[in-house]
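Here is a short walk through a protein model, written with a computational chemist in mind. Please keep the viewer open while you read.

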Amino acid sequence: MRLQPVQSVNWIALLRFIPFFVWQSLVGGFGVATRAMHPALPLTPDLVEYPVTLPNEFARVVFIYMISLIPGSLCVAMHRDTLSIHILDSHSNFLAELGILEQKISTIFCIPQQPLSAV
């Protein structure tokens with residue numbers, strides 16, 4: 001963060017984000033481990049497109065890193081305002097989860113939030 005221009009950061013939102021991220025990582029890790037240990041390996045991988053509404057580039061980079069750290073997902077490309085994300089379970093509610101994550105990132109960086117229905 002020292003190399004970036006000064007950003008407005010909501011430190012309370014950042015502190016609230018830490019337990020959220022740890023919980024999501026544990027749940028995601030358990031899900032990936034369950035699939036890996038299952039004899040039939042029930043994977044339904046997919047490549048999903050997600051429209052990013054964060055206008056701040058630094059916030060976008062943080063959002064992309066958070067996606068990649070959550071087990072079972074990997075951001076593979078960004079084309080203007082759209083992310084291509086590889087997921088292991090196409091039957092999950094992944095797009096809604098991304099919307100929640102993006103709103104949390106926007107709160108941390110004091111960016112006006114877009115409604116979840118726009119996702």
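What span should the 15 residues of helix 3 have at 1.5 Å a residue, and how far apart are its end C-alpha atoms? The expected span is 21 Å, and the end C-alpha atoms are 21 Å apart, which agrees. The expected value is 1.5 Å times one less than the number of residues.

A word on the ground rules: this is a predicted model, in which local features need pLDDT of at least 70 and side-chain atom pairs count only at pLDDT 80 or more, while totals for chains, interfaces and linings use all residues. Residues are numbered from 1 along each chain as its sequence is written, and side-chain values use heavy atoms, with hydrogens and water left out.

**Overall layout**

The protein has three helices and three strands, arranged along the sequence as α-β-α-β-β-α. Both kinds of element are DSSP runs numbered from the N terminus (helices: H or I, at least four residues; strands: E, at least two). Of its 119 residues, 31% are buried; buried means under 20% relative accessible area, exposed means over 50%, and partly exposed lies in between (1.4 Å probe, protein chains only). Among contacts (heavy atoms within 4.5 Å) with a separation of 6 or more, 66% join residues 24 or more positions apart. For one pair separated along the chain, look at Leu14 and Thr107: they are 93 residues apart in sequence, with C-alpha atoms separated by 8.4 Å. Leu14 belongs to helix 1 and is partly exposed at 27% relative accessibility.

**Helix 2 and helix 3**

Helix 2 covers residues 57–69, and its 13 residues should span 18 Å at 1.5 Å a residue; its end C-alpha atoms are 18 Å apart, which agrees. At the N-terminal end, Asn56 caps helix 2, with a side-chain oxygen 2.8 Å from the backbone nitrogen of Phe58. That cap is a polar contact, a pair of N or O atoms within 3.5 Å; within protein, one must be able to donate a hydrogen and the other to accept it, and residues adjacent in sequence count only if both atoms are side-chain atoms.

The buried residues of helix 2 are Phe58, Ala59, Arg60, Val62, Phe63, Met66 and Ile67. They pack against helix 1 (11–37), strand 1 (46–51), strand 2 (73–79), strand 3 (82–87) and helix 3 (94–108). In helix 3, Phe94, Leu98, Gly99, Leu101, Glu102, Ile105, Ser106 and Ile108 are buried, and the buried residues there pack against helix 1, strand 1, helix 2, strand 2 and strand 3.

**The nonpolar core**

A nonpolar core is a set of buried Ala, Val, Leu, Ile, Met, Phe, Trp, Tyr and Cys residues joined through side-chain atoms within 4.5 Å. The largest one has 26 residues, and Phe63, Ile67, Ile85, Leu101, Ile105 and Phe109 touch the most other members. Helix 1, strand 1, helix 2, strand 3 and helix 3 each supply at least two residues of this core, and the largest share, six residues, comes from helix 2. Not counting residues up to four places away in sequence, Phe63 touches Tyr50, Val52, Leu54, Leu83, Leu98, Leu101, Glu102 and Ile105.

Ile67 also takes part in a polar contact: its backbone oxygen lies 2.7 Å from a polar side-chain atom of Ser73. Ser73 sits in strand 2 and is buried at 8% relative accessible area. Leaving aside neighbours within four places in sequence, Ser73 is in contact with Ile67, Ser68, Ile85, His86, Ile87 and Phe94.

**Two residues with positive phi**

Neither residue in this table is a glycine.

| Residue | Phi | Place | Relative accessibility |
|---|---|---|---|
| Arg80 | near 55 degrees | loop between strand 2 and strand 3 | 78%, exposed |
| Cys110 | about 55 degrees | segment after helix 3 | 47%, partly exposed |

**The largest pocket**

Which residues are the closest to the centre of the largest pocket? Of the 16 lining residues, they are Gly28, Arg35, Pro71, Ser92 and Glu97. The pocket has a volume of about 300 Å³. Helix 1 and helix 3 each supply at least two lining residues, and the largest share of the lining, six residues, comes from helix 1.

On a 1 Å grid over the protein atoms alone, a pocket is an open set of points where a 1.4 Å probe fits, with protein on both sides within 12 Å along at least five of seven lines; lining residues have an atom within 4 Å of a point. Grid points are joined across faces, edges and corners, and the volume is the space filled by probe spheres set on the points.
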